[in-house]
Amino acid sequence: MNHTIKNTEDLRWLIGHTGGFRSGYVTDLQISKRRLFDEGSVREIPAGTTISLTIRYEVRGYVRVAKLTMTGVTDFSVFEQDGTDCSSLGVIQTELNAGKMRFWFDPQGELYVVCDEAHLDEISSPCVTVQQTAELARWTFQGRTAEGPTVEWLLHELDRAGLPCSWRDAMRTVAIHPAVQWEGDLIPADESTASVDHRVHVMGYEPLEGEGFGLMLRVIGIQDRRMSRILEVLADQITQQFVGDCLVGTTIIPGREWEGWLTREHQTRHRR
């Protein structure tokens with residue numbers, strides 16, 4: 001989901017689509033100020049401010065992670081006092097006045113932005129209930145094409161990578177969400193008995209709206225380098241062969257940037 005907000009109709013769409021981010025919360029806030037060097041005055045001059053909010057919220061059985069990027073910011077307030085938390089949202093308020101958009105993210109105006117326009121990037125997935133078994137990693141991909149990976153495609157890519165697996169359909173009498181099309185577990189081929197507490201769980205589902213597909217991969221069980229490798233191989237191949245965006249935690253990553261992001265993460269962990 002990618003949408004640019006420039007006018008009153010776009011603002012109406014934003015509130016209608018998100019429900020005003022009711023009962024959501026801000027997981028990340030970034031402020032970026034650009035400055036350019038002016039050769040005439042031999043000074044740096046302001047060249048624009050951008051504010052990005054990452055918001056996690058739920059609607060109609062979907063978990064959504066939205067990144068709202070506001071550009072051409074001319075006024076803003078980001079203020080928290082001891083004992084208050086501006087990250088928890090009720091319903092945001094918006095208006096367009098004199099060509100400027102105004103966003104109030106809390107009733108007191110302590111999180112407030114005036115800007116020229118905004119852009120919404122969003123990934124949604126069906127709500128997944130927390131299980132007793134530990135979930136070590138979760139990776140979600142929202143594709144923009146009608147056709148996405150199949151179980152056979154996943155198994156073929158793992159065979160090519162030297163990580164052969166078998167597939168076990170999820171045994172459910174009722175789907176966890178009507179949008180779920182298929183789900184099951186990837187089991188390393190050399191495991192004689194597949195433990196329900198040690199697997200890569202895969203879920204294919206329909207997007208909340210519009211054309212495309214959703215795919216969620218979850219590493220479940222004990223810490224195991226092979227399981228992590230299965231997830232990495234599939235994530236790399238999916239982002240190379242399908243157009244879309246990834247979600248890791250509450251970080252939205254364009255698919256074309258996934259490999260570079262993963263490399264930076266590995267380098268950071270190594271330095272630690």
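## A walk through the predicted chain, starting at Phe 105

Phe 105 has contacts with Leu 53, Ile 55, Leu 68, Met 70, Leu 89, Ile 92, Leu 111 and Val 113, leaving out residues up to four places away in sequence. The model shown here is predicted. In it, Phe 105 sits in a loop, the one between strand E7 (100-104) and strand E8 (111-115). Is this loop residue buried or exposed? Its relative accessibility is 1%, so Phe 105 counts as buried; the cut-off for buried is under 20%. Val 91 can be located from here too. Phe 105 and Val 91 are 14 residues apart in sequence, and their C-alpha atoms are 7.3 Å apart in space.

Now step back to the whole chain. It has 4 helices and 16 strands. Of its 272 residues, 43% are buried. Contacts with a separation of 6 or more can be sorted by distance along the sequence. Residues 24 or more positions apart account for 62% of them. The chain exposes about 14,800 Å². Carbon and sulfur atoms supply 47% of that area.

Next, the interior. The largest nonpolar core has 28 residues. Which of them have the most contacts inside this core? They are Trp 139, Leu 158, Leu 186, Ile 230, Leu 234 and Ile 238. Both strands and helices contribute. The elements giving two or more residues to this core are strands E10 (135-143), E13 (199-205) and E14 (213-220), together with helices H2 (151-160), H3 (225-241) and H4 (258-271). H3 gives the most, with 7 residues.

Trp 139 is a good place to look in detail. Leaving out residues up to four places away in sequence, Trp 139 touches Leu 215, Met 216 and Leu 217. It also touches Leu 231, Ala 235, Ile 238 and Thr 239. Cys 246, Leu 247, Val 248 and Trp 258 complete the list of residues that Trp 139 touches. There is also a second, separate core, with 23 residues. Its members include Ile 92, Phe 103, Leu 111 and Ala 118. Ile 92 and Leu 111 have already appeared, as contacts of Phe 105.

Turn to the helix pair H2 and H3. Two packed helices are described by the angle between their axes and the distance between the axes. The axes of H2 and H3 come within 10 Å and cross at roughly 115°. Angles from 65 to 115 degrees count as roughly perpendicular, so H2 and H3 are roughly perpendicular to each other. H2 passes H3 in a right-handed crossing. Which residues make the contact? On H2 they are Trp 153, Leu 154, Glu 157, Leu 158 and Arg 160. On H3 they are Ile 230, Val 233, Leu 234, Gln 237, Ile 238 and Gln 241.

H2 has several buried residues: Val 151, Trp 153, Leu 154, Leu 155, Glu 157 and Leu 158. What covers them? The cover includes strand E11 (165-169), strand E12 (180-188), E13 and H3. Just after H2, Gly 162 takes a positive phi of about 75°. On the other side of H2, Thr 150 is found in the loop between E10 and H2. Thr 150 has 38% relative accessibility, so it counts as partly exposed. Thr 150 and Trp 182 are 32 residues apart in sequence, yet 9.4 Å apart in space, C-alpha to C-alpha.

A buried serine comes next. Ser 124 lies in strand E9 (residues 117-126). Its relative accessibility is 5%, so Ser 124 counts as buried. Leaving aside neighbours within four places in sequence, Ser 124 is in contact with Tyr 62, Val 63, Arg 64, Gln 142, Tyr 205 and Leu 208.

Two loop residues finish the tour. Ser 23 is in the loop between helix H1 (8-18) and strand E2 (25-38). Phi of Ser 23 is near 60°, a positive value in a residue other than glycine. Ala 98 is in the loop between strand E6 (93-97) and E7. Phi of Ala 98 is near 55°, again a positive value in a residue other than glycine. Are these residues buried or exposed? Ser 23 has a relative accessible area of 61%, so it is exposed. Ala 98 has a relative accessible area of 77%, so Ala 98 is exposed as well.

Key
Residues are numbered from 1 along each chain as its sequence is written. This is a predicted model: local features need pLDDT of at least 70, side-chain atom pairs count only at pLDDT 80 or more; totals for chains, interfaces and linings use all residues. Side-chain values use heavy atoms; hydrogens and water are left out. Buried means under 20% relative accessible area, exposed over 50%, partly exposed in between (1.4 Å probe, protein chains only). Contact means heavy atoms within 4.5 Å. Accessible areas come from the Shrake-Rupley method with a 1.4 Å probe; for residues, only the protein chains shown count as cover. A nonpolar core is a set of buried Ala, Val, Leu, Ile, Met, Phe, Trp, Tyr and Cys residues joined through side-chain atoms within 4.5 Å. Axes are lines fitted to C-alpha atoms, for helices over the stretch in contact, and angles run from 0 to 180 degrees between N-to-C directions. Angles under 35 degrees count as roughly parallel, over 145 as roughly antiparallel, 65 to 115 as roughly perpendicular and the rest as oblique. A crossing is left-handed if the near helix is turned anticlockwise from the far one by less than a right angle, and right-handed if clockwise.
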